[in-house]
2 protein chains.
Amino acid sequence: MNFQKRKQKILEQLDRTGEVDIKELATELDISEITARRDLNQLANDGLLYRTHGGAMKVDPLAKPKDFANKAAQNAGVKDDICRKAAEHITDGDIIFMDCGSTVFRLCQFIKHKKIKVITNSLPVIYELQNCSVSINIIGGEFNNERQATHGKIANEHIARYHAGKAFLGVDGISARGLFANSELEAEITSMYISQSAYTYVLCDDSKVGKETYLKFADINQVEAVITNADDGKLAGFKDTALTILQVG
Amino acid sequence: MNFQKRKQKILEQLDRTGEVDIKELATELDISEITARRDLNQLANDGLLYRTHGGAMKVDPLAKPKDFANKAAQNAGVKDDICRKAAEHITDGDIIFMDCGSTVFRLCQFIKHKKIKVITNSLPVIYELQNCSVSINIIGGEFNNERQATHGKIANEHIARYHAGKAFLGVDGISARGLFANSELEAEITSMYISQSAYTYVLCDDSKVGKETYLKFADINQVEAVITNADDGKLAGFKDTALTILQVG
DNA sequence: CTACATTTGATCAAATATAATCAAAATTGA
DNA sequence: TCAATTTTGATTATATTTGATCAAATGTAG
């Protein structure tokens, strides 16, 4: 029983009962109390639970804005797994880009407590990260109501003025041949994110893996890592690429 | 039963019945009276309830600290009058700037149905105008949580790239000698709005008229009109200026 | 106002949880 | 395989939480 596995079980029970107890946890997971404590502390540090004396409680479920929440809720379990993994790669002091997809949006909950700078064109992300330790830089430009984000020439130029250590991006399709998008606007801004960040993570669930849709906008070697729940079979195509693959679930 | 959990239960009961009693609390939560007292004291200290002898009462929900909505609600009647008048000057096809003050925010309700472009640095304005006939251009840059808006160098440069027919701005003070602001950030972005618009309306209630506070950032002849509820006496100082004065109320 | 009951805060003691330190065990990478 | 690193657990010291007692403050009734 390693840390990752315990983490899952703890979060699972927390989700079910709303609370956990150090002593019970130690018994159930067959670990010492101090290890249980260490686990809880780490999870609390990642903002995934509230630490209490002798245990922990579920973190407040927050009211999600508008219908975006519904779309974001589709496949939420998998997306959360992906984002939890992504959050492990974000540390205090980081400057990161976040794009406007529903997957990337779910990353917010895991980074709220971190002392980082987020540059984003996504209104839901902005909304979610106000009033917390994250400092926000809004990408200006024409606002697209459907995507709840800014896009276009001015937005692209805005991004071009910044550099970030990491970018966390969603795509509509990814294969060994490159990254694919369903719209030009989306493709352009994603390209810009990639070019202005030192290290790019692509976040996508298995439905996007192997999919080559509409518009190819980047080669696979332009991004550094993909975080996904796809299985080895689906990922076999990436064998010959330099891509770092982070599997979850 | 730890403090966090008791806190939940206490606040829950408070919300239901409006009050709690030390003795009952001690029995129900199976804690000593002194612990119940300590809990109530701490919650009172956090402003979550009113401490009374022998128990506690629900705190007045209207007395919550100033979030933007409340601030915007202060003096709402007057501000609405001012904004209603301002809206009369906005017609389909207009491109307008709106700044991030609480007065200008109330203009939103009167322009929702209009077919115009709004360029703004105010997050509340953006929220208010989504999903309606107004097309939005967001001014990018670093987000200031207190003001719920973007400010700074990049924001100013963003504005510099656009021109609008009209600007609707709030100020912290206005007199025949010029416009005044309580912060440099605010002053700079307002100056930029003025210089990039053909016609500038200043929206302010009578408390701002004649007030010369902190930082003067523009001469009075740089703006074209002021919309206010101030009376003739307060406005007498503007007699010798070219300013168009639109009185309401 | 006085007398009485109740509530309260302070102090202390006991129980419990936590952090710190260090050693053992497991994992990792050559 | 061995050495280095990480993870885990035992021990001890520290901190927190809780409850009991009691004097002081507050509220109530006459």
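These are my notebook entries on a predicted model, covering DNA strand C and the interface of chain A and chain B.

**DNA strand C**

I looked up the protein residues around DNA strand C, found 18, and noted that A:Lys23, A:Gly54, B:Lys23, B:Arg51 and B:Gly54 come nearest. By class, I recorded four nonpolar, eight polar and six charged residues on this surface.

I then asked which part of the strand the protein meets, and of the atoms of DNA strand C within 4 Å of the protein, 75% belong to sugar or phosphate, with the rest belonging to bases. For phosphate oxygens of the strand, I noted a polar side-chain atom of A:Arg51 at 3.0 Å, a polar side-chain atom of B:Asn41 at 3.1 Å, and a polar backbone atom of B:Thr52 at 3.2 Å. The elements giving two or more residues to this surface are helix 2 (22–29), helix 3 (33–45) and strand 2 (49–52) of chain A, together with helix 2 (22–29), helix 3 (33–45) and strand 2 (49–52) of chain B.

**Chain A against chain B**

I next turned to the protein interface, where 29 residues of chain A are in contact with 27 residues of chain B, and where the buried area is about 2300 Å², with carbon and sulfur atoms giving 52% of it.

I counted three salt bridges between the two chains, and I looked up one of them, in which the side chains of A:Glu19 and B:Lys5 meet at 2.6 Å, N to O. Twelve residue pairs are in polar contact across this interface. On the side of chain A that touches chain B, helix 9 of chain A gives the largest share, four residues.

Finally, I noted that strand 6 of chain A pairs with strand 7 (residues 141–144) of chain B in the antiparallel sense over two bridges, and that A:Asn137 has B:Glu142 as its bridge partner.

How values were computed. Residues are numbered from 1 along each chain as its sequence is written. Chains are lettered from A and ligands numbered from 1 in the order in which they are written. This is a predicted model: local features need pLDDT of at least 70, side-chain atom pairs count only at pLDDT 80 or more; totals for chains, interfaces and linings use all residues. Side-chain values use heavy atoms; hydrogens and water are left out. A residue is near a molecule or strand if one of its heavy atoms lies within 4 Å of it. A polar contact is a pair of N or O atoms within 3.5 Å; within protein, one must be able to donate a hydrogen and the other to accept it, and residues adjacent in sequence count only if both atoms are side-chain atoms. Ala, Val, Leu, Ile, Met, Phe, Trp, Tyr, Cys and Pro count as nonpolar, Asp, Glu, Lys and Arg as charged, and the others, Gly among them, as polar. Contact means heavy atoms within 4.5 Å. Buried area is the accessible area (1.4 Å probe) that two parts lose on being put together, summed over both. A salt bridge is a side-chain nitrogen of Lys or Arg within 4 Å of a carboxyl oxygen of Asp or Glu. Two strands pair if DSSP finds at least two bridges between them.
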